[in-house]
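Me: Please take a close look at one part of this structure, the sheet with the hairpin in it, and then tell me how that part relates to the spaces enclosed by the protein.

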Amino acid sequence: MIKAVFFDIDGTLLSHASGGVPESARRALALLGERGVLRFLATGRHILEIHRLLPDLSFDGCVTLNGQICLDGQEHILFDAPFPPADARQAVSIFRQREAPAMLVQRDRMYINFVDGAVRQAQRAISSPIPPAGAYQEGPIYQLIVYGDGAEAALRQLPGCKMSRWNDHAVDILPRSGGKILGIGQFLRRLSLDWSEIMAFGDGENDVDMLRRAGVGVAMGNAEAAVKAAADYVTADVDQDGIYRALEHYGLL
């Protein structure tokens with residue numbers, strides 16, 4: 001029996017064609033709540049971006065930054081996993097070297113070293129503004145986003161990290177032990193739930209592990225081929241009521 005559902009945002013809940021959440025997905029979220037099924041986000045996004053993109057939707061918790069920070073329904077931090085100190089120092093060094101556009105992601109802020117065409121294209125594709133320029137001012141680092149052709153070179157300098165591509169022009173770099181399944185696992189332990197009792201929806205590279213691990217993994221119709229191959233079920237596109245149709249297919253509505 002499915003007791004909780006985890007949703008990716010971009011290309012899953014949020015349509016970048018329409019710039020919003022389809023009405024069918026909103027209705028599905030409401031019906032899940034009425035049936036007592038827990039609803040969670042599992043995203044690479046920062047909570048500041050979630051406020052902007054989904055201002056009128058509420059969830060029972062959020063796995064943010066690809067599992068590096070987990071928040072409860074009131075946005076209190078339940079779990080966090082920043083870069084190990086050596087990798088954090090190296091991430092700051094990469095940021096300051098300015099050999100490629102790079103964004104440092106911290107608990108309360110996100111900022112970039114410089115902006116070029118790759119940054120503009122990647123941000124436009126995810127309906128997001130150009131990030132503000134800034135300087136590192138101490139504190140834990142949870143993610144490094146590298147734009148353009150500098151990702152591989154950056155990763156070679158971060159032996160404790162891995163990367164996940166979310167656009168032809170951008171990748172997320174996070175601790176090797178990280179990922180959405182790290183954050184989801186934290187919620188499951190707190191709720192005494194098993195992986196077999198959850199459903200997960202996604203469409204991108206950073207969703208593959210959670211779709212494989214969940215009791216039911218659902219790939220959106222607009223998902224990449226590798227994501228569809230990892231899923232138990234492939235639903236319709238985000239703009240063709242994909243979430244509602246899959247939940248209806250599994251009898252959750």
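Reply: In this predicted model, a good place to begin is the residue pair in which Lys162 stands opposite Leu174 in S10. A second pair belongs to the same description, since Asn167 stands opposite Ala170 in S10. The strands concerned are S9, covering residues 161–167, and S10, covering residues 170–175, which run antiparallel and are joined by six bridges. Two residues lie between S9 and S10, and the two strands form a hairpin.

The hairpin is part of an open sheet of five strands, whose order is S7-S6-S8-S10-S9 and whose pairing is antiparallel. Strand S7 (110–112) and S9 stand at the edges of this sheet, and because each has a single partner strand, one side of each is left without a neighbour in the sheet. Direction ignored, neighbouring strands of the sheet are turned by 20 degrees against each other on average. Helix H3, made up of residues 85–97, lies across strand S6 (102–105), S7, S8 and S9, and this helix runs at about 140 degrees to S6.

The edge strand S9 also leads to the largest pocket, which has a volume of about 560 Å³. The elements that give two or more residues to the lining of this pocket are helix H4 (117–125), strand S8 (143–147) and S9. The lining has 29 residues in total, and those that lie nearest the centre of the pocket are Asp10, Ile126, Trp166, Asn167 and Asp203. Asn167, the residue that stands opposite Ala170 in S10, is thus also among the residues nearest the centre of the largest pocket. By class, the lining of the pocket divides into nine nonpolar, 10 polar and 10 charged residues.

The closed space in the model can be described separately, as a search of the whole structure finds one cavity of 30 Å³ or more. The volume of the largest cavity is about 30 Å³. Helix H1 (23–34) and helix H9 (242–249) are the elements that give two or more residues to the lining of this cavity. Residues that line the cavity include Ser24, Ala25, Gly242 and Ile243, together with others such as Thr12, Leu13, Pro22 and Met220. Asp237, Val238 and Asp241 are also among the lining residues of the largest cavity. In terms of residue class, six nonpolar, three polar and two charged residues make up the lining of the cavity.

Terms used: Residues numbered from 1 in each chain as written. Predicted model: local features only at pLDDT ≥ 70, side-chain atom pairs only at ≥ 80, totals over all residues. Heavy atoms only, no water. 1 Å grid on protein atoms, 1.4 Å probe; cavity = no way out; pocket = protein on both sides within 12 Å on 5 of 7 lines; lining within 4 Å. Points joined across faces, edges and corners; volume = space filled by probe spheres on them. Helix = DSSP H or I, 4+ residues; strand = E, 2+ residues; numbered from the N terminus. Nonpolar A, V, L, I, M, F, W, Y, C, P; charged D, E, K, R; others polar. Pairing = 2+ DSSP bridges. Axes fitted to C-alpha atoms, helices over the stretch in contact; angles between N-to-C directions. Contact = heavy atoms within 4.5 Å.
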